[in-house]
Structure formats: structure tokens, C-alpha cells
Amino acid sequence: MPKTAGTTSGRPNTLRRNQACRSCRKRKLECDAARPHCGTCVKQWQALISVPAPVGYAHPTEPQCSYDPVEGLKLAPETDPVEKIRQLEDEISQLKTRLQEQIATRSASPNQGSSVNQATRGTLQEGGITLPHASLAIMNLIGSESPELRFRSESGSPELLNSGRKSSNDPFMDLLFSGWNPDLPDPATLNHYIDIFFRCDPCGSRVLHRPSFLASMHLSPRDPDFPHSAILHAICAAASRWSPQNVVTLPDGTRRDQFAEFHASKTRQYIDKTMASGEDIFSVMQACILLSWYFYQEGRWVEVWIFAAFQTRVAIPLRLNYPGTFSTHGNNSPGAYLAPPKDLRDLESRRRTWWMTIIFDRIASVGGWIHAVDERDLGTEFPLRTEDFESEAPVPSNPQDISSPDVFIRHPPQYTDSFLLLIKAVMLFGKVTDFNVRGNLRAPTAPSKNQYPFHLDGFKGLDQLVSFDFLANLPQMYRHNTGVTDAPDGSSLDTDLYMVHIIPHAATITLHNPYIDFTDPANVSTARCVNSARCILAAYYHLTETSLDITRLHPFVTICWYLAAVVQVQLCKYFIEINDSERESTVWGEINVLRLAMIAYGQRSPIGTRQERLLQGLMREIVRMTAQKQPLEVGVPLYPFSHTTLFRKDEPLHASPSEHETIVPLPISPHFDEQNLPSGSVRANGPSGANSVSTWDINNITSPSGSGVSHIG
């Protein structure tokens, strides 16, 4: 039977030697030698990418099909990926230069909107950032719409919005060429927030090295030393407290800054990404610290606890809790996730990051929670002074750590400043929290006023340290300086030092409050708590003498005010029960002073408003019990010699005396003398070896004719 023509033409062509692709020849598969990829390799690649790649593995972007060189045909060279990226960046740089020249040419024409472009160029040059001259006006457009949608078009893709005409046919190329993160504000606005952050923020700014950080902002956004976007977003969220945008008031009266919320959400996205991949873990951890303080000032406790736990657990595998923030000890223990510090600045940044993590954990645990990292596991030495950190002076490492003998009463001058003392004060409060939590963990009954606390193991030594020794052993230059300076050339506030003087009093209240008994004139715990509450009040009175802004204080101050107010509420209840209306009215005035302090702080940081509401819930019982007509409006003078009150703060100072006749005078703190006591006083064995005695005389709690105020420390 004759063969048909179709039979011959339908047979596959026979390939010459080595004409098949290398992959098919290696696996002995049939190859059609199609270019650029043969059919067999394409089918196998399609089958491969149809299945999700395992963790840590990425599928190839194209079939792995290659051919032997053909005589007369020039193949593309195998270029190293890093080199290829460099070549592409060079091409982008050339295109950017050509684009800038075109924009400059158009700007010279009066018909092309030159004023807009020139203004934009001037702004960018002032910010110190090398960027294309095209407009980035979208960054400072904070509209009323949702912040997440500001930078996106109706289709959901990023686009640049311009208040005027667009500067080029494709405005998104402006952003692409610059390398600027489109979610960040424009450079001038961002520099403004960075400046505010370092000048006003009392918390997270201690982590960053200010001089090098400001210098790195002048680098190209693509430079490896340019600040991480997570940190920049966190700075925007934190600094917006002092330069708010798009602030809305929620139904419950809480303020919410949409600009801050947008940047907080962006920071969280970077944190989530790092949790999954481990990329840029140290920079993102620093951003997490800044964001945690933002949530703390917002009074968002669930997020505070979550991020406090995240920080501490991340810091451990980074080995930040070891001396020098790095260790390779142990044959069975893996080394640190981070490489050893590359220089003194890097070492000190790690130290401060670690200690800010621990401070946040201690402050977040004040309510009586177990700490995430036990004090015995803190091996990192204390940081250097802030001035030595910023100047990068070659100072040896701090010889003290938390386990050093007498660490709370011995302060080497060359390693002591207000920030170092703040760390010690917070750690001292942490010891009180540890004592209370561990004492109650397995105790059969809760502590009560019928219990004598000085019989508890470790109570006497802790009481001596918290109530007396810490403040008494502060260096001379800090002991008589509460952080508030009212000089003729202007007032100043050292918020760290201010907190150093009131945190021990708040810790004293926390330690002794369960044992208060107002019916016992010689009750030591009552004397401690009342005296500490009055010292916290005195510190606030001293601050209100000046024109300083109390919202610049550390947010932990609201907790200290609240603890002092708790003692005053208990005292007010006692005066109501014994029907002492005069002293009850005095205490009401003091409670209201603390309430208004929290409300004033809440004008910028919602934690103040939240703590005041919590205090109002605690006051419900005494509000029902009191015979005062308007107990929440009783006022006291700002200071013994002041003629105005917090309730008339906006009125002129020359108001007539008759307007203030009903105002209760400021009371004196209760007398507490450990040397000269009546014979009937209760004596407690003091930790110093000698018998320390204390008394609390209810009859001497106030003295309307007096004008003294107890001094802090």
C-alpha cells in the first residue's frame, strides 16, 4: 500500500546531535528544541509552580531550559544578580536625570506651572533629602477620608494626587525614581515630626542615637543606612501627639488622631512581616518600642500587654540580656541572632533598647502582673549617660548592672544622669511588684489591715529601700532638684528627674496600701501612704507654679497620680465615717486637684482621661456617702501663697479676695517623726538595725493656719 504524504509530514523532525536542550538531554526526555524554552521544560515548570512552594523555598520564575552555544549566535552573558541590580539602578539614575532636565525645561516656561515646581524643589532642598524635583504634594495632604485610602486610586493602585496640575505624564514615576516610601509624609513634614519627637517625646526617644539618626535622614532613601520605615512610621505616630492632624472625638469622649493611627497601623504591618520572616529584626524591635509607648499613652491596655510581651520575647534570642548584648556561651546553646556590636554606638543602642524594653515591662506590670523577664535574668550592664551616648565619647562600659551591690543607693558620678536614675527608680518599683505578686501567689488569704507587714520575709528591707534609702542617697545635684527649673530666662522640665522623685512614693503606696488602718493612729503603713500621697501632690503643686506644660511629663505620672488619689479616697471615706466635714472637704479638694491633673494630661494623651474615669469609679461610694453638695467641684489653692485655684485658672490673678473665701487652704502633710514619738507609739523593727518607729496622728493631718508643704525626697 503506498504511503500517503500526510504520514511523512506528520513525523517529528529528527534533531541533530546536541541540538536538544541541556535539561532534556540530562534527563533523557524528548525535546522539541523550541526557543527560548522547549515544550517539555515549560510543561514541567507549569506543573511545579501549580503547587505552593515549601517554607523557605521559592519557585523559579521561568523554566530552567538552556542550550549549547550555536556557532555564529551570541548568547546573553550570565550576569550576577547583584551586578544586574546595580546596572538597572544606574539606568534608573540616568533616566531620572533626563526627567529632571525635562521638568526643569518645562518649569522655565510660565505656562507650565513653574511656581509649584519651584516651591517643591525648595522644600525638598531644605529637608536635606536628594529627591527628584517632581511634586510629592500628596504626602502632606491629610484629607478627611480614611488615611489608608489617601494614597490610592479608585482601582486600589497607588497614585500621586496633586493639588494642582500633574508635573509629568506619569506622576508615579516621581516616587519610583526617588525610592521614597509612599506611605510616609513628604521629607519636610517628616523632618518636622522627627524634630518634635526628639524634643517632646519623654519615652521612646531615649532608644535612638539622635545625631546619627538626623544625619542618616540626609541619605538617599535607598541607602542601607537610611532609617528603617518602621521606625519613621512609629515616630510619626508618637510625635503627632504634639502636632495633631485629623483629630476626631469618639462617642466616649476619647480623642483619636487619624494621622497617628495610620502610621501606627503601618508600623504594625512591619512588625507582622518581621514576625514571619525575621527581616530587619532589631530595627523593627526599636520601632515596636516606640509604638508600645504610643499605645501606653493612648491607654490601650490590651495592645500594651501584647507588645510588651513581644518586645521581651524578641530581645531574648537577640541575646540583649547578656553583658555586652552578645554571647556565645554554652556548647548546646545557639549564638545570638545578631552579630556582635560593630562599634560603641551600636553597643550602646542595643543596651538602651534592652533597658527600654525592661522599663516598659515593669511599668506595664504595675497593676500586679508577673514580669516577663525575672530580675535575676538581667545580665546587661546599665547604659551610659545620654551626653556620652550622643557624643560617642570612648567611655568604658557602665560597671553597674541590676545585680551590683547597693545598686539603688550607690550612683557613680561618671555613670549617672536622670535617665539612669529613672531606670533604677522603675526597677525599684518592679521589686515592689515582684514582692506583692509572689507574696499573694500562694498566700492562703489576701493581705489585710489586721496583718503586721513587717513580719513578712523581706518586707522591712524593701520598705527601708523604697521609703527612705533611694531618695536619701541620690547624688547631691539630683537630690534637691525635682526636675522643675523656673529661671528668669525661662522654665525647663527634666521629665526623667521629675519621675525619679515621685516613683518611689508611688511604690511606697503600692507596698503599704493593703495594710492601711486609719483607726490606728500608730499604723506605720497609714503614715507611709499618706505621706507619699502628699509628696506626689507637692510635686504637682511645684510644677503648677511654672508655665510648663504638664503633658510633656512621662505618661507613667498618671499612674502615680492615680495611686495618690486612691489613698486620698480612702482617707476621705474615713473622714465621712467619723463625720469630720472640715477635713473631708480638704481631702475632696486634693482629690479634685489630682483629677484635674489627669484630665489636663488627657488633652494630649488619653491615658490621663482613662485614669480619671477609673478614679471616678472608685469614688462612687464616697460620692454617695458624703454630705457635700458638690464634692467634685471643691477646690484648693494651687500653692500655699497662691490666690487662684485650678477651677479659676482662666480668670485674672487680681480677682477680689471675696471670690475665694470659701476655698479650703492647702493642708500640711502629716507629721512623721521617727525620733520623737509619744510613749504609746507602735515600734517596728527597722531594716537598718535600730528600732524605727512611726506614728500617724489623725488630729494633725491638717493645719489650716500652716503654709508648709512637704518636700519630695
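# Confidence, fold and contacts of a predicted chain

Trainee: In the protein chain, which strand has the lowest confidence and which helix has the highest?

Mentor: This is a predicted model, in which local features need pLDDT of at least 70 and side-chain atom pairs count only at pLDDT 80 or more, while totals for chains, interfaces and linings use all residues. The pLDDT is the predictor's confidence in each residue, from 0 to 100, and helices (H or I, at least four residues) and strands (E, at least two) are DSSP runs numbered from the N terminus. Confidence is lowest, at a mean of 34, in strand β5 (residues 683–685), and highest, at 96, in helix α18 (residues 495–512).

Trainee: Over residues 109–168, how many contacts beyond near neighbours in sequence does the model have?

Mentor: The mean pLDDT of the protein chain is 77, with 74% of its residues at 70 or more. Residues 1–11 have a pLDDT below 50 and zero contacts (heavy atoms within 4.5 Å) beyond near neighbours in sequence. Where pLDDT is low, the predicted coordinates should not be read in detail. That caution also applies to residues 109–168, where the pLDDT is below 50 and the number of contacts beyond near neighbours in sequence is 103.

Trainee: What percentage of the residues in the protein chain is buried?

Mentor: Residues are numbered from 1 along each chain as its sequence is written, and side-chain values use heavy atoms, with hydrogens and water left out. The chain has 23 helices and six strands. Buried means under 20% relative accessible area, exposed over 50%, and partly exposed in between (1.4 Å probe, protein chains only). Of the 713 residues in the protein chain, the buried share is 50%.

Trainee: Which residue in β4 stands opposite D486?

Mentor: Strands pair if DSSP finds at least two bridges between them, and four bridges join the antiparallel strands β3 (residues 484–487) and β4 (residues 490–493). A hairpin through two residues joins β3 to β4. Opposite D486, in β4, stands S491.

Trainee: What is the omega of the peptide bond from R35 to P36?

Mentor: Most residues other than glycine have a negative phi, and most peptide bonds are trans. The loop between α2 (22–27) and α3 (39–49) contains P36 and also A33, a residue that is not a glycine and yet has a positive phi of about 60 degrees. A33 is buried, because its relative accessible area is 15%. The peptide bond from R35 to P36 is cis, with omega near 5 degrees.

Trainee: Is N579 buried or exposed?

Mentor: N579 is found in the loop between α20 (557–577) and α21 (581–601), and its phi is positive, near 65 degrees, although the residue is not a glycine. With a relative accessibility of 69%, N579 is therefore classed as exposed.

Trainee: Why are D90 and R86 separated by about one helical turn?

Mentor: A salt bridge is a side-chain nitrogen of Lys or Arg within 4 Å of a carboxyl oxygen of Asp or Glu, and D90 forms one with R86, the closest N and O atoms being 2.9 Å apart. D90 is partly exposed at 35% relative accessible area, and R86 is partly exposed at 40%. The separation is about one helical turn because, in helix α4 (residues 81–107), D90 and R86 are apart by four residues.

Trainee: Which residues are joined into one network by salt bridges that share partners?

Mentor: The structure holds 28 salt bridges, including that of R351 with E348, whose closest N and O atoms are 2.7 Å apart. In another, R595 and E612 have their closest N and O atoms 2.9 Å apart, linking distant parts of the chain, since R595 is in helix α21 and E612 in helix α22 (residues 606–618), 17 residues apart. R595 and E612 are buried. Salt bridges that share partners also form one network, made of E261, R268, R300 and E303.

Trainee: How far apart are the C-alpha atoms of N450 and I516?

Mentor: N450 lies in the loop between α15 (418–441) and α16 (459–472), and its 71% relative accessibility means that N450 counts as exposed. I516 is 66 residues from N450 along the chain, and the separation of their C-alpha atoms is 8.9 Å.
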